[in-house]
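Dear colleague,

I am passing on the structure we spoke about, and below it you will find my notes on what came out of it. Please read them with the coordinates open beside you.

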Amino acid sequence: MPGKKRYPVIILFVFLFLLLQVRVVVAQQQPFLSKRVSFSFSDMPLSSVLHVIGNRTGVKFSYNPELVQSGRRINRKFTNTPLSEVLKQLLNDPTISFREIGNQIVLYRGDPSLIPLEPNQSLIVGKPQILASQKKMPDTIFIYRLDTLIINRTDTVFHSVSIIHLDTIRMTDTVFVEKSKPTQKPGKDLRNNFNKNSVKHRKFLENNGFYSGLYFEILPGSASYTSGAPESQDYLSLLQQSNAATMTKYSAGVVAGYDYLLVGIRTGVGFTSLGEKFDYSFNLETGGFFKTDTVERYYTLTGIDTSWFYITDSSWIPKDNKKYTYQNPNSYKYIDVPLALKFRFWQNESIEIYAMAGFNAAFLVSVDAMHITAGDSHLVVKAERSEMNNVLFSWHAGMGSAIKLTPRSGILAEVCYRKQTNSQFKNSEIKKQYGLMGLKIGAYVKF
């Protein structure tokens, strides 16, 4: 309607404008640390992460780069999370405090004695000489300003780290302290030692505990034949000559053991093949006859008579002459069960060298061999299991080394000599015993 005043509409617009300004002011007054943010970081340095947060939220960070380990790589995702909680997780250090001053957030080192701890955590300040195993060892131990320590655990050999600020150590057994070494960046090497399941699953000190693996062993060498009976010397000589040629002897199987400090024990089970090449030949003549020849004759006169005289010669003409040849790769298959003690006399973080000694029990599985009969050198027969000892015992001694490929796996290389103590033949005057040099290579995994 013309001439009518519209004061209510103007008042309504003024009211809405003022309400909007109030909301803007309130939003501007909300602390940055209380704002909920969403970010995703993939393999990004902490310094870059703080820069991205500052650009997106409008806040500036003030801090000492050495304080917050600005080069540490971040792989985290946050969804609708308060900025204060985001910073706590990114810094991962309860001694670092932060305070909002205007549009800046200042990061600084706080008092470690004021760190809020959970019931399963504890704080150690100073330089303890030893943290011995306890039945109720806390999950997390914060060590503040500790120069150097050694973490003893299953998959690392006395890993030494230097700490100049607070770090977190999860452990089960023991932490030892040694003399100071050159300072390293805090937490740099501890990252590899961190294992969230360490309390439940780490049962042994570093480089100690159970392991198992596979091995293959070449056994160069030969058998020796001995006899105390003089009447058996000819037969003994025939055995040595017929079995002089060597063939490949080997063993393959699984190995398992337990190491503790400098000593260990090992066993396993393997398939072992022993033997030699049987090569024997002889000539045999049968039948024949004598042939008589007149080689000279003459006569003499006796009165009016003539007497003839004959000179003859006889030689043996063989009727049948045969050559017999026997060749066979004699082999004896065994299931081998070793038991050995080992002593580690040198080691570092990647390799160890040890001596070992023990004995083997080899259980006969099959026989494929030929041999000369003791009573008749012209009779060659197949060997029977009943003629063999079912179990062979031997001792062995040697040296070896273990080389780490990962904290929980590696390879083995060993050389040892094994000597059989009982005879391979049963109920025989001839003793057959193997003396072999073992060259073994294997791979192992720790538990």
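Within the protein chain, 68% of the contacts with a separation of 6 or more are made between residues that lie 24 or more positions apart. Please keep in mind throughout that this is a predicted model. The secondary structure of the protein chain consists of 6 helices and 26 strands, and of its 447 residues 38% are buried. The surface that the protein chain exposes comes to about 26,500 Å², with carbon and sulfur atoms supplying 58% of that area.

The rest of my notes concern the salt bridges, of which the count comes to 10; I describe three of them here, beginning with the pair formed by arginine 73 and aspartate 43, whose side chains meet at 3.2 Å, N to O. This pair links distant parts of the chain, since arginine 73 belongs to strand β3 (residues 73-82) and aspartate 43 to strand β1 (residues 36-45), with the two positions 30 residues apart in sequence numbering. Arginine 73 has a relative accessible area of 45% and is therefore partly exposed, and aspartate 43, at 43% relative accessibility, also counts as partly exposed.

The second pair is arginine 418 with glutamate 217, where the closest N and O atoms are 3.8 Å apart. Here too distant parts of the chain are linked, with arginine 418 in strand β25 (residues 409-420) and glutamate 217 in strand β13 (residues 209-218), 201 residues apart. As for their surroundings, arginine 418 and glutamate 217 are both buried.

The third pair joins aspartate 259 to lysine 342, and the closest N and O atoms of this salt bridge are 3.6 Å apart. Aspartate 259 sits in strand β16 (residues 250-260) and lysine 342 in strand β20 (residues 320-347), so that this pair links parts of the chain that are distant, 83 residues apart. Which of the classes, buried or exposed, does aspartate 259 fall into? Its relative accessible area is 3%, and because buried means under 20%, aspartate 259 is buried; lysine 342, with a relative accessible area of 7%, is buried as well. This salt bridge does not stand alone, for salt bridges that share partners join Asp259, Lys342, Arg344 and Glu352 into one network.

When you go through the model, you might start from that network of Asp259, Lys342, Arg344 and Glu352, and then turn to the buried pair of arginine 418 and glutamate 217.

With best regards

Key:
Residues are numbered from 1 along each chain as its sequence is written. This is a predicted model: local features need pLDDT of at least 70, side-chain atom pairs count only at pLDDT 80 or more; totals for chains, interfaces and linings use all residues. Side-chain values use heavy atoms; hydrogens and water are left out. Helices (H or I, at least four residues) and strands (E, at least two) are DSSP runs, numbered from the N terminus. Buried means under 20% relative accessible area, exposed over 50%, partly exposed in between (1.4 Å probe, protein chains only). Contact means heavy atoms within 4.5 Å. Accessible areas come from the Shrake-Rupley method with a 1.4 Å probe; for residues, only the protein chains shown count as cover. A salt bridge is a side-chain nitrogen of Lys or Arg within 4 Å of a carboxyl oxygen of Asp or Glu.
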